[in-house]
Amino acid sequence: MNQRAHTASAGTARVPAQSRSGEAAREAAGYTAAAAAVRGEHTHAERPIPQPRPAVQRASVRGQILDALRTALMSGELLPGEVYSAPALGERFGVSATPVREAMQQLALEGTVEVVPNRGFRVVERGARELAELAEVRALIEVPVMMRLARGVPAERWAALRPLAEESVRAAATGCRATYAEADMAFHRAVLGLAGNAQLVRVAEDLHRRAVPLRGGRADLMADAGEHAALLEALVAGELDRARALVSRHFADAG
């Protein structure tokens, strides 16, 4: 072997040993990053990927349309017995038919509207008998719970619900049934929430939405809201017999 060849051979034996070690480390790091990328993991060299905005916006739009439809139903803008199509309602609210259709399907599950194939959704028209039946079911669920709570919940916790009762009175004073329905539901939700049973609250709210009559004036709303305040005062005072009579009458009037 000549001197040049020997030098090259010796150099190859000494210097590239470190080089190969560095290259191996870099290749290993590159492989690890590539593997992480394939698995969908985040690496330090990457910029975090934000959550997909369209899905969030769509859910938000659907929720807003659902609230708007509930308001339109309770205020009488959407009439009982009438059929409304998703495209027409979408045009009215300035959105596509898709979030309207999804919101209407939720209302159908709640029993507020019913699907009419190839046409749209019909607003359910409830007669006096059906409203009375719904009020009876609500009473069977809520009255025993309220009376059980009346025997165990301290007066200060009942007193803490006064702002909700007062808000229901203010909502009733507007004469807007949709505004009052939300305040009424908030009051009942808070009362039943003292039981610590989320399923109970969910069932009661579903019945409440079904039982809201679409007709009635400001005087009816004011009378209903006044019963909230009277009920709370009886509960704060520990007057169980009076509380039972008030809550029973509250649901009887609702029917």
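A nonpolar core is a set of buried Ala, Val, Leu, Ile, Met, Phe, Trp, Tyr and Cys residues joined through side-chain atoms within 4.5 Å. In this predicted model, the largest such core has 26 residues. Trp 158, Leu 231, Leu 232, Leu 235 and Val 247 are the members with the most contacts inside the core.

**Overall make-up**

The chain holds 11 helices and three strands. Read from the N terminus, its elements follow the order α-α-β-α-α-β-β-α-α-α-α-α-α-α. Of the 255 residues in the chain, 35% are buried. Among contacts with a separation of 6 or more, 69% join residues 24 or more positions apart.

**The two cores**

Two or more residues of the largest core come from each of α5, α8, α9, α10 (218–237) and α11 (240–254). The biggest contribution is that of α5, which supplies seven residues. Leu 235, listed among the core residues with the most contacts, touches Ala 150, Trp 158 and Ala 243 when neighbours within four places in sequence are left aside. Another core, of 17 residues, lies apart from the largest one, and its members include Leu 66, Met 104, Phe 121 and Val 123. As a general point, nonpolar side chains in soluble globular proteins tend to be buried together.

**Three buried residues**

The table sets out one residue from the 17-residue core and two glutamates, Glu 142 and Glu 205.

| Residue | Element | Relative accessible area |
|---|---|---|
| Glu 142 | helix α5 (residues 128–152) | 1% |
| Glu 205 | helix α9 | 15% |
| Phe 121 | strand β3 (residues 120–123) | 6% |

Buried means under 20% relative accessible area. Glu 142, at 1%, is therefore buried, and Glu 205 is likewise buried because its value is 15%. Phe 121 also counts as buried, since its value is 6%.

Setting aside residues within four places in sequence, Glu 142 is in contact with His 188, Leu 192, Ala 204 and Phe 251. Glu 205, not counting residues up to four places away, touches Met 185 and Arg 189.

Phe 121 has contacts, beyond its neighbours within four places, with Glu 82, Val 83, Tyr 84, Arg 101, Met 104, Gln 105, Val 113, Glu 114, Val 115 and Val 116. One of these partners, Val 83, is 38 residues from Phe 121 in sequence, while the C-alpha atoms of the two are 5.3 Å apart in space.

**The α8 and α9 pair**

Helix α8 (residues 177–193) and helix α9 (residues 198–211) have axes that come within 10 Å and cross at roughly 155°. Angles over 145 degrees count as roughly antiparallel, so α8 is roughly antiparallel to α9. The crossing of the two helices is right-handed.

On the α8 side, the contact is made by Ala 181, Asp 184, Met 185, Arg 189, Leu 192 and Gly 193. The α9 side consists of Leu 200, Val 201, Ala 204, Glu 205, His 208 and Arg 209. Sorted by class, the contact of α8 with α9 has six nonpolar, two polar and four charged residues. Glu 205 of α9 takes part in this contact, and its partners Met 185 and Arg 189 are listed on the α8 side. Leu 192 of α8 and Ala 204 of α9 also belong to the contact, and both touch Glu 142, a residue of helix α5.

Methods: Residues are numbered from 1 along each chain as its sequence is written. This is a predicted model: local features need pLDDT of at least 70, side-chain atom pairs count only at pLDDT 80 or more; totals for chains, interfaces and linings use all residues. Side-chain values use heavy atoms; hydrogens and water are left out. Helices (H or I, at least four residues) and strands (E, at least two) are DSSP runs, numbered from the N terminus. Buried means under 20% relative accessible area, exposed over 50%, partly exposed in between (1.4 Å probe, protein chains only). Contact means heavy atoms within 4.5 Å. Axes are lines fitted to C-alpha atoms, for helices over the stretch in contact, and angles run from 0 to 180 degrees between N-to-C directions. Angles under 35 degrees count as roughly parallel, over 145 as roughly antiparallel, 65 to 115 as roughly perpendicular and the rest as oblique. A crossing is left-handed if the near helix is turned anticlockwise from the far one by less than a right angle, and right-handed if clockwise. Ala, Val, Leu, Ile, Met, Phe, Trp, Tyr, Cys and Pro count as nonpolar, Asp, Glu, Lys and Arg as charged, and the others, Gly among them, as polar.
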